[in-house]
Amino acid sequence: MSKNLITKWFSRRSIRTKMTISFSIPLLLIALCLSFISYNIIANRFARQILYSADRSYEQTISYLQNHVQNMNYVLLLLGTNKQMQEVLSDSVFEQTEEAKQYREYWKLDEIIASIDLSNGLYNCALYVPDAMLYSNNNYHFFPLSKLPDNIDWKRFSLDKGGVLYFSDIQTVLAGNSKKPEKQVALLKMIYDTGDIQCVARVGVAIEELEKILRNFDITQKGFSYLVNSRGKIIASSSQEEEEYIPLLEEEHKDIKETLGWEDVHFKGNGNYLLRRQTIKEAGWTLVSMIEKADFYHERNVVLQVFVLFVTLIFPAIVYISYSLARYYSKRLTKLSSQMIQVQNGNWSLIDEVEESEDEIGRLFDQFKYMTKELRILMLNQYRLGQSVKSAELRALQAQINPHFLYNTLDLINWEARDHGAEEIVTIVQSLSKFYRISLNKGRQIVKIADEIEHIKAYVKIENYHFENAIFLNIDANSDILELGCINIILQPLVENAIMHGIAKSNTIKECHINIEIVREAEDIVFHISDDGRGMTEEQLSQILQKNTTKAAHGYGAQNINFRIKLYYGEAYGISYKSNPGEGTCVTVRIPALTVEEAEQYNTK
């Protein structure tokens with residue numbers, strides 16, 4: 001049922017609407033499919049690119065951390081193998097009991113450590129010395145052994161195998177020239193051990209330096225990374241906001257094995273993440289990096305928003321282009337339909353218009369013009385045939401009723417009226433005789449313009465007897481124009497219309513003034529017939545040449561006159577109207593300027 005309703009609705013639309021819909025829907029569907037496919041391809045590639053960037057950043061972070069571990073080990077090696085340091089240690093420096101000797105050895109050790117500090121700006125060097133040393137509480141380059149981390153396995157610091165590396169948890173110490181404590185993580189190694197007396201070397205790096213590396217890794221807004229040591233202690237993190245629940249996350253997923261790729265993990269109450277972890281074996285540090293999935297897909301949503309914007313912009317563009325194309329083609333079809341209607345109403349001038357396009361619609365225009373020309377030729381032939389038939393009928397009528405008999409009879413009535421003193425009857429009979437003599441014109445179609453004027457005067461004189469001399473006729477024309485020819489009875493019906501649609505149909509109009517001006521314009525003769533009647537509206541003007549507005553009892557209508565002129569002289573000639581309600585009407589008649597002989601031969605060309 002719905003399909004039938006849609007079909008019925010569609011069938012009632014204009015061709016412009018049908019073409020717009022027919023163009024738009026397939027293009028919109030194609031654009032939508034292409035956008036969907038493109039989005040998936042680009043979004044997946046974008047996601048892979050993000051993961052690729054995350055992998056590169058993660059691996060770079062691991063590399064930076066490994067460099068720090070190697071550099072710390074190198075600095076520690078410099079400290080332990082320094083020649084001056086070895087000389088001091090060989091003098092049993094930590095076994096001195098005299099204060100003066102302790103201070104002398106202190107200045108030697110401090111100078112050695114300071115020089116190594118200066119050559120490695122990122123790292124802070126120090127020694128853990130026996131608590132009995134006077135300078136053990138220096139807390140800058142020297143610390144008491146009692147402050148070593150409690151969880152150090154002293155057995156692992158045996159010198160039998162050259163000592164073992166140990167990375168501490170976070171420590172707060174003074175570093176460099178700053179008196180403000182800073183957090184560090186340190187690499188420790190035993191460098192002096194006599195059984196009862198030990199000395200441990202320390203190389204520390206600022207936690208801030210490690211956190212800077214971790215922050216540089218984060219490629220999304222809500223991603224974070226943290227560094228945890230082998231004892232499960234958090235050393236550094238890229239986000240201070242996450243530090244509160246990082247231990248909980250680490251405890252929940254401490255069994256996650258080291259992997260080279262990203263794994264999907266779910267943290268209760270904290271959402272879904274992509275997680276990757278890898279251990280730096282030299283230090284026992286594990287780097288854990290996490291990207292919140294919602295944040296990860298947010299990056300893809302940016303691509304989606306771009307495509308939504310693209311589709312939003314391209315859809316109206318497709319509809320507009322489809323509408324413009326439909327309008328262009330339907331406009332041409334509408335023009336063709338309009339021309340057909342105008343030809344149907346008698347306007348043959350359209351056959352001279354040129355259609356530049358050579359497509360199918362252009363060929364329709366050409367075929368229509370060809371058909372119209374052929375139809376015009378056929379109608380002209382029919383008209384000429386009809387004229388011949390009418391002439392034959394007129395001659396037959398004249399054979400039965402001799403016009404001289406009519407004129408003689410009217411002449412007899414004229415003399416009888418004179419004998420009885422009926423001057424009005426004499427005038428009427430004379431006017432009627434002149435009217436029919438010009439109308440019949442001995443069967444010829446062409447008359448002088450002067451005769452056409454006399455025909456109008458005779459008609460108006462007769463009508464003035466009906467309207468008690470209320471009709472005033474004024475004619476303005478040069479004498480040389482009056483000798484030219486025109487087809488007969490083209491002005492009298494227009495004068496009749498002015499009378500019948502003015503004074504004859506209105507009780508308020510007491511007089512009718514009709515002015516006829518005849519002028520020559522280049523190779524044409526132009527008649528202006530104006531009156532002071534009721535005038536006409538735009539709607540009446542648009543219809544006056546579309547139908548016969550005058551009944552047969554009143555003679556020929558405007559349409560018939562226009563048709564006769566165009567048929568005889570061509571489409572360039574005819575009549576036109578100009579009028580305003582209450583201001584009267586002006587009719588313009590245009591014909592070629594020809595002599596009587598030229599006019600008689602004009603239609604035979």
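**Close-ups of a predicted model**

**View 1. A salt bridge that starts from a loop.** With a relative accessibility of 45%, Glu 483 counts as partly exposed (buried is under 20% relative accessible area, exposed is over 50%, partly exposed is in between; 1.4 Å probe, protein chains only). Its salt-bridge partner is Lys 448, with the closest N and O atoms 3.1 Å apart (a side-chain nitrogen of Lys or Arg within 4 Å of a carboxyl oxygen of Asp or Glu). Glu 483 sits in the loop between helix 12 (479–482) and strand 13 (485–487), while Lys 448 belongs to strand 11 (residues 446–448), so the pair ties together parts 35 residues apart in sequence. Helices (H or I, at least four residues) and strands (E, at least two) are DSSP runs, numbered from the N terminus. Lys 448 is partly exposed too, at 34%.

A note on the model: this is a prediction, where local features need pLDDT of at least 70 and side-chain atom pairs count only at pLDDT 80 or more, while totals for chains, interfaces and linings use all residues. Residues are numbered from 1 along each chain as its sequence is written, and side-chain values use heavy atoms, with hydrogens and water left out.

**View 2. A buried pair, Asp 55 and Arg 276.** Here the two side chains meet in a salt bridge, at 2.8 Å from N to O. Asp 55 lies in helix 2 and Arg 276 in strand 9 (residues 271–280), so this pair links parts that are 221 residues apart in sequence. Both ends are tucked away: Asp 55 counts as buried at 19% relative accessibility, and Arg 276 counts as buried at 2%. The structure holds nine salt bridges.

**View 3. Glu 571 with Lys 566, plus a network.** The Glu 571 and Lys 566 side chains form a salt bridge at 3.9 Å, N to O. Glu 571 is buried, and so is Lys 566. Elsewhere, Glu 521, Asp 524 and Arg 590 are joined into one network by salt bridges that share partners.

**View 4. The five-stranded sheet.** This open sheet runs in the order 12-14-15-17-16, with mixed pairing (two strands pair if DSSP finds at least two bridges between them). Strand 12 (471–477) and strand 16 (574–579) are the edges: each has a single partner strand, so one side of each is left without a neighbour in the sheet. From one strand to the next, the twist averages 15°. Strand 12 and strand 14 (residues 512–521) run parallel and are joined by seven bridges; zoom in and you'll find Leu 473 with Ile 514 of strand 14 as its bridge partner.

**View 5. Two helices on the sheet.** Helix 11 (residues 449–466) lies across strand 12, strand 14 and strand 15 (524–531), at about 170° to strand 12. Helix 15 (residues 558–569) packs on the sheet as well, touching strand 16 and strand 17 (585–592), and its direction makes about 140° with that of strand 16. Angles run from 0 to 180 degrees between N-to-C directions, on axes fitted to C-alpha atoms, for helices over the stretch in contact (heavy atoms within 4.5 Å).

**View 6. Ile 30 and Leu 333.** Ile 30 is found in helix 2 and is partly exposed, at 48% relative accessibility. Leu 333 has its place in helix 7 and is partly exposed, at 25%. Leu 333 and Phe 365 are 32 residues apart in sequence and 9.1 Å apart in space, C-alpha to C-alpha.
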